[in-house]
Amino acid sequence: MPHIKKIIKVKNKQGLHARPAALFVQVANKFKSAITLKKDNEKVNGKSIMGILMLGAERGSSVEIEIDGEDANQAILELETLLLREE
Amino acid sequence: MLELRGIPASEGIVIAKAYKLGKEIFNIFKEPISEKDIPSQIELFEEALTQTRKEIIKLQERISQEMGRETAEIFDAHLLVLEDRMLIEEVINRLKQERFNIAYIFSEVLKKYVEIFSKIEDDYLKERISDINDVGRRILRKLTGKENVSLEKLSERVVVVAHDLSPSDTAAMHKKNVAALITDVGGKTSHTAILAKSLEIPAVVGLKDATHKINNHDLLIVDGNEGLVIVDPNEETLEIYRQKEYKMSSIAERFFADKDLPAITLDNAKIKVLANIELPEEIDSAREHGAEGIGLYRTEFFYMNRDDLPSEDEQFQAYKYVAQAITGNEVIIRTLDLGGDKFISQVQIPEEMYPFLGWRAIRFCLARPDIFKVQLRAILRASAYGNLKLMYPMISGIEEFRQANSILEECKDELREKNIPFNENIKVGLMIELPSAALTADLLAEEADFFSIGTNDLIQYSLAVDRANENVAYLYEPTHPAVLRMIKNVIDAAHKAQIPVGMCGEMASETKFVPLLLGLELDEFSVPALVVPQIKYIVRMLKKEEAVSFAKEALSFSTGKEVEDFCSQKIKEIFP
């Protein structure tokens, strides 16, 4: 089973807040894989809106995304696109 | 009997029982459980989640039908919280480890999240706290077997008494059962005030401690004209207000019956009473209430709640529809007025320290001609189909007006080149809503075709008052001598240059100010459609000549309070 770990720089202007955060959670929940996000030393469930909001990832901050499961490849593709979107 | 004074937020008088929308108190006991009880507690939790989900979806459907999909979108956020995996997992893990009853564990986890979120300095997250609390309460009710005590179950007409009303509270109300709204906090432009006005029910806000002084089922008199709430009135007071309530409803009927009569004073001065609209559909309501045109057509809605920018054609169709629907009468379209408290998602505007003093309205449009010109061309094209006028918001001086006009000229050239018809003589005016514009009205009048005074912003900027801030809201005085002098200056300058002046702010829709504004020689009142009949009615009961001397006297007072009392007294003479 694929296991992916990647560090991504958040490009959304609002950071991982508000709409981008909600969108991230909705997309993450489509996948079976376990998805976690890590910033500094905090690690949260990528399928949880509360977790992501608490992470407080501002624009330009680096988050480590870890995906574990059969659909990990597709998941990283879609989630990375979201994080790299500038609007 | 007890009298409470607050800020009048929506007109009308109502006598009804109190319905307190207090903070719900859950008596949650901490009870240890044995290991074999864990599965049944988890089951209880899951059942509560399922039931809550059903409840929210049902509510969302109802709201969507009653108030439109956008209002119902608040509940999307609620569903997201409800389905949050981290929250659910944490509850289940702690249940297994700590072995206490599920209601206790859940309330502890909820408390922890609310605490974490309230420490983060971020407006968006602060809003989410109310989502979390809202959903949390629903789940706790299920876990503790409590009934929904919220507004969803109102069965008789009541006065809703609350510390504050969240959009989720008000969205859930059965509107026909709400007679009035009163709250401890809030100002004239709070969510509560706006909602009450749209429902045409009285509201008093900023009562500070009404929720402590009023008990459930207390009989209340709510006087939204005076900002007065009387708790447990004696028979005598009750009788006085019963008559007032009756009189108000019969007057309202009278107003409406005469709505199509023109607004001509007893000494034959003709005043125009127009409606403010935001959506093209509101044209129907404007016509039904006897409006003689549209004095303010706000165009921001085109840009809100969508991911792309509205196309020229889309806007053209809407403007054309409005122009044709109001046959012959004028329609003043205001160009995009975003910023301040209105933002659009398609264009990122950097966070500002003082948004109301920042990059908004015409300033934004002048910097982004790519967006501005699309709207200007759409308006020009629609001008071929009716009596459209164009108005720029937030002009600070003649230079901005000229810049906007030169962009307009470019648009005209582009249309001419393509042989697309438009009204070559379209009238172009501006909003007077900055003190700098009010004080240079003579210069602006030389080049503008008309003025419209936006009192909300003019007062806010002149008196340096944030109307939404309850600590300073009392300073927001339409009758402050500084404001009155500016209004007078604007009207006089306009008339000297022989151009008409309207007023589209809230001040124009307050009945007590009609004699004053008429006396200052305002030409056009532009007000919410519902208010049109009563403004016309009052104008018909006045003499222009008397109003002029009334206004002169009003201008001689040294405080806003004196002017306001003077106006209130005058209107009482007309409607004893």
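Here are three short exercises, with worked solutions, on a predicted model.

**Exercise 1.** Work out what chain B brings to its contact with chain A.

*Solution.* Start with the residues: 13 come from chain B and 16 from chain A. Next, look for the helices on the chain B side. Helix H3 (74-82), helix H4 (85-98), helix H5 (102-119) and helix H6 (123-144) of chain B each supply at least two residues to the side that touches chain A. Finally, sort that side of chain B by class: you should find nine nonpolar, one polar and three charged residues.

**Exercise 2.** Trace the eight-stranded open sheet of chain B and find its edge strands.

*Solution.* Walk across the sheet in the order E1-E8-E7-E3-E4-E5-E6-E2 (chain B), where the pairing is mixed. The edges are strand E1 (2-5) and strand E2 (7-10) of chain B, since each pairs on one side only. On average, neighbouring strands are turned by 30° against each other, ignoring direction. Now zoom in on one edge: E1(B) runs antiparallel to strand E8 (residues 228-231) of chain B, and four bridges join them. For example, Glu3(B) has Ile230(B) as its bridge partner in E8(B). Then add helix H10 (residues 235-257) of chain B, which packs on the sheet and touches strand E3 (13-20), strand E7 (219-223) and E8 of chain B. The direction of H10(B) makes about 115° with that of E3(B).

**Exercise 3.** Which residues of helix H18 (residues 455-463) of chain B are buried, and what do they pack against?

*Solution.* First, pick out the buried residues: Thr455(B), Asp457(B), Leu458(B) and Ile459(B). Second, list their surroundings, among them strand E14 (427-432), helix H16 (435-439) and helix H19 (481-496) of chain B. Last, step just past H18(B) to Ala464(B), which takes a positive phi of about 55°.

Technical notes. Residues are numbered from 1 along each chain as its sequence is written. Chains are lettered from A and ligands numbered from 1 in the order in which they are written. This is a predicted model: local features need pLDDT of at least 70, side-chain atom pairs count only at pLDDT 80 or more; totals for chains, interfaces and linings use all residues. Two residues are in contact if their C-beta atoms, placed from the backbone, lie within 7 Å. Ala, Val, Leu, Ile, Met, Phe, Trp, Tyr, Cys and Pro count as nonpolar, Asp, Glu, Lys and Arg as charged, and the others, Gly among them, as polar. Two strands pair if DSSP finds at least two bridges between them. Axes are lines fitted to C-alpha atoms, for helices over the stretch in contact, and angles run from 0 to 180 degrees between N-to-C directions. A residue is buried if 20 or more other C-beta atoms lie within 10 Å of its own, exposed if 12 or fewer, and partly exposed in between; C-beta atoms are placed from the backbone.
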